[in-house]
Amino acid sequence: MTVLEGRLADRDSWSAVGECPIEKTMTLLGTKSAMLIMREAYYGTTRFDDFCRRVGITKAAAAARLNDLVEAGLLVR
């Protein structure tokens with residue numbers, strides 16, 4: 001566990017853009033379809049056509065979101 005000691009750096013002297021875990025998560029899951037695909041995976045959906053049907057998106061959109069989530073390591077083929 002990291003323990004902070006002393007004064008914090010001036011907030012205006014540094015930027016977390018591109019390094020912030022919240023920003024990185026929102027970049028991946030910031031779309032409605034990505035969040036719904038994650039929901040379906042959590043509930044046990046494994047077949048591509050089922051993701052498309054249950055989320056209500058086209059096959060092209062489902063393929064793109066699933067590829068993004070697999071590349072990010074959030075889902076496994």
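Me: What makes a residue buried or exposed here?
Reply: Buried means under 20% relative accessible area, exposed means over 50%, and partly exposed is in between (1.4 Å probe, protein chains only). By that rule, K32 and Y42 count as exposed, and they sit on the face of α2 turned away from its buried side. One heads-up: this is a predicted model, where local features need pLDDT of at least 70, side-chain atom pairs count only at pLDDT 80 or more, and totals for chains, interfaces and linings use all residues. Residues are numbered from 1 along each chain as its sequence is written, and side-chain values use heavy atoms, leaving out hydrogens and water.

Me: Which residues of helix α2 are buried?
Reply: In α2, residues 32-42 (helices are DSSP runs of H or I, at least four residues, numbered from the N terminus), the buried ones are S33, A34, L36, I37 and E40.

Me: Why do we say they line one face?
Reply: Look down the axis of α2: the buried residues fall within an arc of 165° (taken from the directions from the helix axis to the C-beta atoms), so they line one face of the helix.

Me: Why are α2 and α4 called roughly perpendicular?
Reply: Their packing angle is about 70°, with the axes 10 Å apart. Angles of 65 to 115 degrees count as roughly perpendicular, so α2 and α4 get that label.

Me: What makes S33, A34, I37 and M38 in α2 contact residues?
Reply: Contact means heavy atoms within 4.5 Å, and these four meet A62, R65, L66 and L69 in α4.

Technical notes
Helices (H or I, at least four residues) and strands (E, at least two) are DSSP runs, numbered from the N terminus. Axes are lines fitted to C-alpha atoms, for helices over the stretch in contact, and angles run from 0 to 180 degrees between N-to-C directions. Angles under 35 degrees count as roughly parallel, over 145 as roughly antiparallel, 65 to 115 as roughly perpendicular and the rest as oblique.
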